[in-house]
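New to this one? Take a look at the sequence and the model first, and then we'll walk through a helix and a few charged pairs.

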Amino acid sequence: MVKQVRQVVRARPVREEGTGRLTAVGRAAVAGLRSLGGRTIAMIGTAVAVVLAVIVTGFFLYSHGTSRPPIPATRARHYTETDACLLTDRHGINAKPAAAVWQGMQDASLTTHARVSYSSVTGEQSTANARPFLNALLQGSCEVVLAVGGPEVKAAQEVTQRYAKLGFVLVGGGSGNGSKGGAGSDNVAWVPADDGLRAGVAAAVKRAVDARG
């Protein structure tokens with residue numbers, strides 16, 4: 001009687017190649033972490049947390065910021081080609097009455113869009129010393145010239161007829177209470193240095209700019 005011999009073949013578990021590689025990588029990662037100190041692991045964890053926080057914050061700002069309406073561009077004031085220039089004493093526009101004159105010029109600029117500037121007479125406060133400063137304005141681009149202060153006003157009075165195409169606004173008594181100058185001085189406006197100086201200057205500058213517009 002022939003005995004039948006059964007060969008028992010044990011099937012080996014099939015290991016997928018991808019799973020094996022992942023397991024190897026995981027073991028390597030665990031071994032690497034074990035080799036690091038606790039302090040180093042903590043630092044790495046903190047760095048990862050910071051990076052994630054930055055990414056989340058950036059995404060939040062982007063997703064919410066894109067829904068906001070665009071901010072309109074600031075509109076710049078467009079000036080005309082007319083320049084109104086003020087001649088003051090050594091105190092400039094920081095003292096009365098020049099401070100009120102300068103405010104009136106700025107008020108006029110808002111409506112006429114004329115450029116406004118000022119120049120101070122330094123050194124000796126006399127008519128002779130004021131003339132070079134006034135000449136610098138006359139030879140520049142000034143079409144309306146203002147003067148405040150005794151020597152400055154007197155220097156301007158001397159040239160009003162010579163520069164008949166320019167407008168002059170003089171602060172003081174003059175021909176009185178905002179009226180124009182005498183014969184041949186239709187380009188001159190006098191503004192009294194009283195409580196209405198600012199408004200008077202603004203109105204005079206506007207008239208002078210409009211006349212040369």
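## Helix α4 and its surroundings

The buried residues of α4 pack against β1 (83–88), β2 (115–120), β3 (142–147), α5 (150–157) and β4 (167–171). Keep in mind that what you're looking at is a predicted model.

Which residues of α4 are the buried ones? They are T127, A130, L134, L137 and L138. Look down the axis of α4 and you'll see these buried residues fall within an arc of 85°, so they line one face of the helix. The length of α4 checks out too: with 12 residues (127–138) at 1.5 Å a residue, the helix should span 16 Å, and its end C-alpha atoms are indeed 16 Å apart.

Now zoom out. The protein chain has 6 helices and 5 strands, and reading along the sequence gives you the pattern α-α-β-α-β-α-β-α-β-β-α. There are 213 residues in the protein chain, and 27% of them count as buried. About 14800 Å² of the protein chain is exposed, with carbon and sulfur atoms supplying 58% of that. What about contacts between residues at least 6 apart in sequence? In the protein chain, 59% of those join residues at least 24 apart.

Next come the charges. Side chains of opposite charge can pair when their charged atoms come close. A search of the whole structure turns up 4 salt bridges, and the table has some of them.

| Salt bridge | Closest N and O atoms |
|---|---|
| R115 with D83 | 3.0 Å apart |
| D107 with R198 | 2.7 Å apart |
| R131 with E158 | 2.8 Å apart |

Start with the salt bridge between R115 and D83. This pair links distant parts of the chain, with R115 in strand β2 and D83 in strand β1, 32 residues apart. Is D83 buried or exposed? D83 is buried, because its relative accessible area is 10%, under the 20% cut-off. R115, at 29% relative accessibility, counts as partly exposed.

The salt bridge between D107 and R198 also links distant parts of the chain: D107 sits in helix α3 (residues 98–112) and R198 in helix α6 (residues 197–211), 91 residues apart. D107 is partly exposed at 27% relative accessibility, and R198 is partly exposed with a relative accessible area of 38%.

The salt bridge between R131 and E158 brings us back to α4. R131 lies in helix α4 and E158 in the loop between α5 and β4, so the pair ties together parts that are 27 residues apart in sequence. R131 is partly exposed, at 33% relative accessibility, and E158 is partly exposed as well, with a relative accessible area of 38%.

Definitions and conventions: Residues are numbered from 1 along each chain as its sequence is written. This is a predicted model: local features need pLDDT of at least 70, side-chain atom pairs count only at pLDDT 80 or more; totals for chains, interfaces and linings use all residues. Side-chain values use heavy atoms; hydrogens and water are left out. Helices (H or I, at least four residues) and strands (E, at least two) are DSSP runs, numbered from the N terminus. The expected span of a helix is 1.5 Å times one less than its number of residues. Buried means under 20% relative accessible area, exposed over 50%, partly exposed in between (1.4 Å probe, protein chains only). The arc is that of the directions from the helix axis to the C-beta atoms. Contact means heavy atoms within 4.5 Å. Accessible areas come from the Shrake-Rupley method with a 1.4 Å probe; for residues, only the protein chains shown count as cover. A salt bridge is a side-chain nitrogen of Lys or Arg within 4 Å of a carboxyl oxygen of Asp or Glu.
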